[in-house]
Amino acid sequence: MEIVSKADLLVGRGFEDVSLLMGSGVYALCQGELVVYIGKASILVTRIYDHKLNLTRKQMGKSLMLNGPNEVKVVPFNKVLVWPCSKQEMGVLEERLILEFNPRFNIHHRPVQGVKSLQESGITLESLGLKAKVSERRF
């Protein structure tokens, strides 16, 4: 007889295990099905929370939370996708995904004008040796 933990019983009642958000990885903020921003984070839940907080504050007409001297970038999104990975893999994965999807709100790693994106060139994540491990969570 297999012993089922009480936590497993909660998952069976509509709860979702989002423990992967406590770790590092790359995330995509989407507006519907359109990828509008790709970022990386040592702790995914913290970074995604920052984006959600700034979006909510802007929508309410309140001042934004500043993270240093840089202007706050508020990205409109209604869907979050995460790709858990090690801190060592985050930078390369983030750059490759930005080059492939060319999200509107990303400034760094943007394709050079006149140069085809990876997607336009027919290069896929699989051909780069990456496998999709995407979890979806709507906010």
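**View 1. Surroundings of Leu44 in the predicted model.** Leu44 touches Leu20, Leu21, Gly23, Ser24, Gly25, Val26, Tyr27 and Val82. Residues up to four places away in sequence are left out of that list. The model shown here, as in every view, is predicted.

**View 2. The largest nonpolar core.** This core has 16 residues. Tyr27, Leu29, Leu44, Ile48 and Val82 have the most contacts inside it. Which elements give two or more residues to the core? They are E1, E2, helix H2 (44–59) and E3. Apart from this core lies another, of 11 residues. Cys30, Cys85, Leu93 and Leu97 are among the members of that other core. In soluble globular proteins, nonpolar side chains tend to be buried together.

**View 3. Helix H3 and its cover.** Helix H3 takes in residues 87–101. Its buried residues are Met90, Leu93, Glu94, Leu97, Ile98 and Glu100. Two of the names, Leu93 and Leu97, also belong to the core of 11 residues. An α-helix has 3.6 residues a turn, so residues three or four places apart point the same way. What covers the buried residues of H3? The cover includes strand E1 (25–31), strand E2 (34–41) and strand E3 (79–84).

**View 4. Length and end of H3.** H3 has 15 residues. At 1.5 Å a residue, the helix should span 21 Å. The end C-alpha atoms of H3 are 21 Å apart, so expected and modelled spans agree. Asn102 follows the helix. The phi of Asn102 is positive, near 50°.

**View 5. A nonpolar patch on the surface.** Leu10, Val11 and Phe15 make this patch. Its area is about 270 Å². Val11 sits in helix H1 (residues 6–11). Is Val11 buried, partly exposed or exposed? Val11 counts as partly exposed, because its relative accessibility is 43%, and that class lies between under 20% for buried and over 50% for exposed.

**View 6. The whole chain, for orientation.** The secondary structure comes to 3 helices and 4 strands. From the N terminus on, the elements run α-β-β-α-β-α-β. The chain has 139 residues, and buried residues make up 29% of them. Among contacts between residues at least 6 apart in sequence, 58% join residues at least 24 apart. The chain exposes about 9600 Å². Carbon and sulfur atoms supply 55% of that area.

Technical notes
Residues are numbered from 1 along each chain as its sequence is written. This is a predicted model: local features need pLDDT of at least 70, side-chain atom pairs count only at pLDDT 80 or more; totals for chains, interfaces and linings use all residues. Side-chain values use heavy atoms; hydrogens and water are left out. The expected span of a helix is 1.5 Å times one less than its number of residues. Buried means under 20% relative accessible area, exposed over 50%, partly exposed in between (1.4 Å probe, protein chains only). Contact means heavy atoms within 4.5 Å. Patches are made of residues with over 30% relative accessible area and no salt bridge: like charges are joined within 9 Å, nonpolar side chains (Val, Leu, Ile, Met, Phe, Trp, Tyr) within 5 Å. Accessible areas come from the Shrake-Rupley method with a 1.4 Å probe; for residues, only the protein chains shown count as cover. A salt bridge is a side-chain nitrogen of Lys or Arg within 4 Å of a carboxyl oxygen of Asp or Glu. A nonpolar core is a set of buried Ala, Val, Leu, Ile, Met, Phe, Trp, Tyr and Cys residues joined through side-chain atoms within 4.5 Å.
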